Amino acid sequence: MAQLVKIQDYISRYQIDLARYPTQFVRLKKSQWERIKRQWELGEDITEWQHTENEKDNDSFDEKERFSLFKKIFAGRQKEEIQEDIEQVDITNEFANEEDVIPEEETTLSFEPNIVYAPQSIHELKRMFIDQFFHFQMKWASSTLREKSYVDPRFMRDSLLRTLLQNLPDNYLVFYYPILQVRKAPIELDVVLMSPTECICITVLEAENQAVYVGGSERFWVKKVGTKDTKILNPMISLSRMESVLTQLFKQDQIDMPIRKVILTRNGYFDYPGSSFSVRLVDRRNYHEWLQTLKNVSSPMKHMQIRAAQTILNNVQTTSFNRDIWQQTSSKAED
């Protein structure tokens, strides 16, 4: 599962310590999968894990107590090797020590699967685990120990976000429409994937199913849906702006990371005669092949990859509020 580092201007756990949280993410996913898998294989009633996940309960219940209870439930259980397809990734010692002990901080290890039915196969169990872990990833990408951001519900339903996070391996870092502050001006990028070897900028076109995007070098493209033609702004303009911003930031911090450009439509087609100027066009015809290519990147996370991601985080805009203030406001509202 890829790691969700930043969504728009939400506060992110990775902003605190990017050198530490990627390794914690991998260990957490691995240990929790081992535990739930072992519980399932022993025939124990994992539906007892069911709990209600809502903002009021999460913020009013002390998370350290929850983690303490979680440790008691699983005390004494031995770890076993992850099987099936749950991804594993090696973390190089260039930026983190594998032997470091994970600190027992609030929410670092507080992921609890919300089991709503008894899975009948390992594949059902895996799918349930991955779906639950997606919600945990959203929590890491929108809160810290002291701060929290309001999450737009549309991100919880965003199929592309889920697809990227659930299909790409752990060594990918995902920036989803991050808002950067460049020369005191906010600039919203599209999707940025940071792999161990390259930075991939993606502009997405997914308005209608079966749409055909007729492109060229002009300022506008034509979107054809049935017999209806509509002009849309050339997506290469946005893509080139992303490349320019990131190139400038990387140059300032002496980051040596190639930038690739992709225009993506999972439900439509591109009709682009001639050269695409180093931009890869991914549509329904080659989408699965492209995604599989990304999945096959098995290289461990690299020091330059972390530096490049940190450079972006150093320039992001963040909107959040103090958890204590939110709790006090909620209490007054209830009174």
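Which side chains meet in a salt bridge with an N to O distance of 3.4 Å? In this predicted model, the side chains of Lys-29 and Asp-170 form that contact. Lys-29 belongs to helix H1, which covers residues 21–41, while Asp-170 is placed in the loop between helix H5 (159–167) and strand E3 (173–176), so the salt bridge ties together parts that are 141 residues apart in sequence. Both Lys-29 and Asp-170 are buried.

The pair is one of eleven salt bridges in the structure. Side chains of opposite charge can pair when their charged atoms come close. A further salt bridge is made by the side chains of Arg-266 and Glu-206, at 2.6 Å from N to O. Here the partners are both found in loops: Arg-266 between strand E11 (259–264) and strand E12 (269–271), and Glu-206 between strand E7 (199–204) and strand E8 (212–214), so parts that are 60 residues apart in sequence are tied together. Glu-206 has a relative accessibility of 27% and therefore counts as partly exposed.

The loop between E7 and E8 also contains Glu-208. This residue forms a salt bridge with Lys-223, and the closest N and O atoms are 3.0 Å apart. Lys-223 lies in strand E9 (residues 220–225), and the pair, 15 residues apart, links distant parts of the chain. The two partners fall into separate accessibility classes: Glu-208 counts as partly exposed because its relative accessibility is 31%, whereas Lys-223, at 11%, counts as buried because the cut-off for that class is under 20%. Elsewhere, Arg-127, Asp-131 and Arg-162 are joined into one network by salt bridges that share partners.

Nonpolar side chains were examined at the surface as well. Phe-220, Leu-233 and Ile-237 form a nonpolar patch there, and together they have about 260 Å² of accessible area. Of these residues, Leu-233 is located in strand E10, which comprises residues 228–233. Leu-233 has a relative accessible area of 45% and is therefore partly exposed.

Confidence in the model was also considered. The protein chain has a mean pLDDT of 80, and 74% of its residues reach 70 or more. Over residues 48–109, pLDDT stays under 50. For this segment, the model has 131 contacts beyond four places in sequence.

Methods. Residues are numbered from 1 along each chain as its sequence is written. Side-chain values use heavy atoms; hydrogens and water are left out. A salt bridge is a side-chain nitrogen of Lys or Arg within 4 Å of a carboxyl oxygen of Asp or Glu. Helices (H or I, at least four residues) and strands (E, at least two) are DSSP runs, numbered from the N terminus. Buried means under 20% relative accessible area, exposed over 50%, partly exposed in between (1.4 Å probe, protein chains only). Patches are made of residues with over 30% relative accessible area and no salt bridge: like charges are joined within 9 Å, nonpolar side chains (Val, Leu, Ile, Met, Phe, Trp, Tyr) within 5 Å. Accessible areas come from the Shrake-Rupley method with a 1.4 Å probe; for residues, only the protein chains shown count as cover. pLDDT is the predictor's confidence in each residue, from 0 to 100. Contact means heavy atoms within 4.5 Å.
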